[in-house]
Amino acid sequence: MGYKITLDRGVLRAELFGRETVKETKTFFQAIVKASTESRPPCILISVRSSKPIFQLERHGLLEYFRELAATPSRRIALLSDSTDLRLSHEYVELIARQHGLNVRSFRDETAAYQWFKDPRQGQERRRSRERRGQQVPRALHERRAGQQRRARQRRKPP
């Protein structure tokens, strides 16, 4: 196993390759946590290559590392992989992390990850779309009720 952690254009880049065990994963994440504490970057890019996927995030205590890395709600963590199995693992990590309120996303390529880092509206757009959806439900209910009342009035009218 090997890893490299650098600060590039305000993004903490953590690259891991040849990881086989959970212990190696923990060593890697401890190094990322230390580097992020020292440099306090707004974004972290975690790239994993030629490694075994890990699906038992909570069981192995890896979710705690993501909690430490996502010290502020605005910090974004992007995951990159070089294989289908790793990508599936990262999508699972994204799902679990987001269920815990962490700003973690899985990407197929580095360009998309950097675009996400640069887009300041990302979190706000999600909130707004949820708000709009919340407003649409009452409107749909209101329209349905109005239609039911209109049909009821038509049935009551004598011919």
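The following exercises, each with a worked solution, concern a predicted model of a single chain.

**Exercise 1. Overall architecture**

Determine how many helices and strands the chain holds, and in which pattern they follow along the sequence.

*Solution.* Begin with the count: the chain has five helices and five strands. Next, read these elements along the sequence, which gives the pattern β-β-α-β-α-β-α-β-α-α. Then consider burial: of the 159 residues in the chain, 38% are buried. Finally, turn to the contacts between residues at least 6 apart in sequence: 69% of them join residues at least 24 apart.

**Exercise 2. The nonpolar cores**

Identify which members of the largest nonpolar core touch the most other members, and which elements each supply at least two residues of this core.

*Solution.* The largest nonpolar core has 27 residues, and those touching the most other members are Phe29, Ile32, Ile46, Phe66, Leu69 and Ile77. The elements that each supply at least two residues of this core comprise three strands and three helices, as follows:

- strand 2 (11–17), strand 3 (43–49) and strand 4 (76–81);
- helix 1 (22–39), helix 2 (62–69) and helix 3 (84–99).

Phenylalanine 66 may be taken as an example. Leaving aside residues up to four places away in sequence, Phe66 touches Phe29, Ile46, Leu57, Ile77, Leu79, Val93, Leu102 and Val104. Apart from the largest core lies another core, of 10 residues, which includes Cys43, Ala78, Leu80 and Phe117. As a general background, nonpolar side chains in soluble globular proteins tend to be buried together.

**Exercise 3. Helix 1 against helix 2**

Establish how the axes of helix 1 and helix 2 cross, and which residues make the contact.

*Solution.* The two axes come within 10 Å and cross at roughly 10 degrees. Angles under 35 degrees count as roughly parallel, and helix 1 is therefore roughly parallel to helix 2. The crossing of helix 1 and helix 2 is left-handed. The contact can then be listed by helix:

| Element | Residues making the contact |
|---|---|
| Helix 1 | Thr25, Lys26, Phe29, Gln30, Ile32, Val33 and Ser36 |
| Helix 2 | Leu62, Tyr65, Phe66, Glu68 and Leu69 |

**Exercise 4. Two polar side chains at this contact**

For threonine 25 and tyrosine 65, decide whether each is buried or exposed, and find which side chain makes a polar contact with each.

*Solution.* Threonine 25 lies in helix 1. Its relative accessible area is 3%; because buried means under 20%, Thr25 is buried. The side chain of Thr25 makes a polar contact with the side chain of arginine 19, at 2.9 Å. Not counting residues up to four places away in sequence, Thr25 touches Arg19, Ile54 and Leu62.

Tyrosine 65 is placed in helix 2. With a relative accessible area of 12%, Tyr65 is likewise buried. Its side chain makes a polar contact with the side chain of glutamine 30, at 3.1 Å. Tyr65 and Gln30 are 35 residues apart in sequence, whereas their C-alpha atoms are 7.5 Å apart in space. With residues up to four places away not counted, Tyr65 touches Lys26, Phe29, Gln30 and Val33.

**Exercise 5. Positive phi angles**

State where arginine 9 and arginine 40 are found, and whether each is buried or exposed.

*Solution.* The general expectation is that most residues other than glycine have a negative phi. Arginine 9, which is not a glycine, has a positive phi of about 55 degrees. Arg9 is located in the loop between strand 1 (2–8) and strand 2, and its relative accessibility of 61% makes it exposed. Arginine 40 has a positive phi of about 50 degrees, again without being a glycine. Arg40 is found in the loop between helix 1 and strand 3; this residue is exposed, with a relative accessible area of 64%.

**Exercise 6. Pairs separated in sequence**

Find how far apart in space the C-alpha atoms are for glycine 2 and glycine 18, and for glutamate 91 and serine 106.

*Solution.* Glycine 2 lies in strand 1 and is buried, with a relative accessible area of 15%. Gly2 and Gly18 are 16 residues apart in sequence, and their C-alpha atoms are 6.5 Å apart. Beyond residues up to four places away in sequence, Gly2 touches Glu15, Leu16 and Phe17.

Glutamate 91 is found in helix 3 and counts as partly exposed at 36% relative accessibility. Glu91 and Ser106 are 15 residues apart along the chain, with 5.6 Å between their C-alpha atoms.

Technical notes
Residues are numbered from 1 along each chain as its sequence is written. This is a predicted model: local features need pLDDT of at least 70, side-chain atom pairs count only at pLDDT 80 or more; totals for chains, interfaces and linings use all residues. Side-chain values use heavy atoms; hydrogens and water are left out. A nonpolar core is a set of buried Ala, Val, Leu, Ile, Met, Phe, Trp, Tyr and Cys residues joined through side-chain atoms within 4.5 Å. Buried means under 20% relative accessible area, exposed over 50%, partly exposed in between (1.4 Å probe, protein chains only). Helices (H or I, at least four residues) and strands (E, at least two) are DSSP runs, numbered from the N terminus. Contact means heavy atoms within 4.5 Å. A polar contact is a pair of N or O atoms within 3.5 Å; within protein, one must be able to donate a hydrogen and the other to accept it, and residues adjacent in sequence count only if both atoms are side-chain atoms. Axes are lines fitted to C-alpha atoms, for helices over the stretch in contact, and angles run from 0 to 180 degrees between N-to-C directions. Angles under 35 degrees count as roughly parallel, over 145 as roughly antiparallel, 65 to 115 as roughly perpendicular and the rest as oblique. A crossing is left-handed if the near helix is turned anticlockwise from the far one by less than a right angle, and right-handed if clockwise.
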